[in-house]
Amino acid sequence: MQETILRANGLTKRYGESIAVDDLSFEIRQGETFSLLGPNGAGKSTTIGMLCCLLEPTSGDAMIAGQSILSNPQAVKEAIGFVPQDLALYQSLNARQNLAFWGAMYGMRGSELNKRMDEVLEQVNLLDRAKDRVETYSGGMKRRLNIAVGLLHRPKLLFMDEPTVGIDPQSRRRILDMVQELIGAGMTVLYTTHYMEEAEELSDRVGIIDHGKLIALGTQSELRQLVGEHDRMLLSFESGAETVGLATAFQAIDGVLNATATEGGVIVSVANSAEMLPHLLTVSGNHNRSLRAIEISEPNLESVFLHLTGRALRE
Ligand SMILES: Nc1ncnc2c1ncn2[C@@H]1O[C@H](COP(=O)(O)OP(=O)(O)O)[C@@H](O)[C@H]1O
Ligand SMILES: [Mg+2]
């Protein structure tokens with residue numbers, strides 16, 4: 001078992017009567033990628049703000065790299081890198097000048113700082129544009145520079161708060177690849193997102209957050225087990241087709257957990273859709289039904305969220 005690098009204990013943030021983060025406790029181990037997945041307003045940024053010592057918790061504490069965010073924020077800040085949701089860049093300065101500013105804040109200077117700036121600019125693929133003013137950058141480039149700032153002082157743990165929001169799909173892909181590279185090189189990451197696909201791609205473990213509360217926490221397969229490890233197949237037939245008899249016939253197939261007739265279709269729940277498909281096609285043929293479409297949905301983090309809250313992640 002790897003060493004625990006972060007342990008949050010009952011973290012809570014209230015704003016007057018309302019509660020933004022409600023009694024959050026979780027751990028992150030060295031080398032792990034942990035995602036906080038939740039809709040807008042769930043409390044992700046507030047949590048990150050407290051862990052980065054930028055917001056004072058109403059109650060609770062967290063230990064990061066052995067130091068308390070309450071009693072030793074300076075040591076915590078040295079151990080972590082923070083890529084905020086809102087860009088923290090000077091538009092009229094170039095990438096190097098922005099990095100030099102942040103480097104100075106961390107007490108870096110001279111040739112050490114210069115060497116490190118080259119390294120992070122290379123890591124985020126901005127070396128060739130390093131002398132252009134940030135205001136000439138695309139949204140994706142600004143995001144990448146934001147990441148470079150977070151990496152500059154060689155943090156042990158990197159916080160990334162929705163780093164792909166508001167950019168085009170291609171830039172998003174580049175950033176996700178970059179995060180993958182960081183993870184591959186051994187970085188420990190706390191990543192927040194409201195995109196189920198990103199949490200699925202990147203995370204070892206996921207905490208699902210809603211209305212300030214952690215409502216589920218575990219590996220992806222542990223979370224999927226909450227909804228049952230079933231594929232859902234929707235088979236659609238020509239309109240007006242009689243489907244009740246067909247659903248009964250499907251139900252009799254060994255391996256079909258449940259089959260329900262709908263208007264012009266049948267919803268079938270199975271352990272493994274790829275294995276069941278040929279059997280379902282044979283039975284459909286026997287009933288002289290011609291299939292128009294098949295939709296297969298495997299249980300994913302979206303279905304977990306739906307199962308737990310009755311709502312979609314993005315609504
Ligand atoms: N400074 C503040 N004053 C009052 N309410 C706030 C403040 N900051 C955040 N909130 C509220 O706390 C909740 C969580 O916000 P936030 O952490 O930004 O969510 P997320 O990052 O998941 O979208 C929201 O309901 C938000 O309106
Ligand atoms: Mg946020």
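**Helix 9 and the sheet beside it**

On the face of helix 9 (residues 244-251) that is turned away from its buried side lie the exposed residues Val-244, Gly-245 and Thr-248. A residue is exposed if 12 or fewer other C-beta atoms, placed from the backbone, lie within 10 Å of its own, buried if there are 20 or more, and partly exposed in between. This is a predicted model, in which local features need pLDDT of at least 70, side-chain atom pairs count only at pLDDT 80 or more, and totals for chains, interfaces and linings use all residues. Residues are numbered from 1 along each chain as its sequence is written, while chains are lettered from A and ligands numbered from 1 in the order in which they are written.

Leu-246, Ala-247 and Phe-250 of helix 9 are buried. Seen down the helix axis, the buried residues fall within an arc of 100°, so they line one face of helix 9. They pack against strand 12, strand 13 and helix 10 (273-286).

Helix 9 lies across strand 12 and strand 13 (265-270), and runs at about 175° to strand 12. Such angles run from 0 to 180 degrees between N-to-C directions, with axes fitted to C-alpha atoms, for helices over the stretch in contact; contact requires C-beta atoms, placed from the backbone, within 7 Å.

Strands 12 and 13 belong to an open, antiparallel sheet of four strands, ordered 12-13-11-14. Strand 12 (256-262) and strand 14 (291-297) are at the edges with a single partner strand each, so one side of each has no neighbour in the sheet. Strands pair if DSSP finds at least two bridges between them; strand 11 (residues 231-237) and strand 14 are joined by six. Across this antiparallel pair, Met-233 stands opposite Ile-296 of strand 14.

Methods:
Helices (H or I, at least four residues) and strands (E, at least two) are DSSP runs, numbered from the N terminus. Two residues are in contact if their C-beta atoms, placed from the backbone, lie within 7 Å. The arc is that of the directions from the helix axis to the C-beta atoms.
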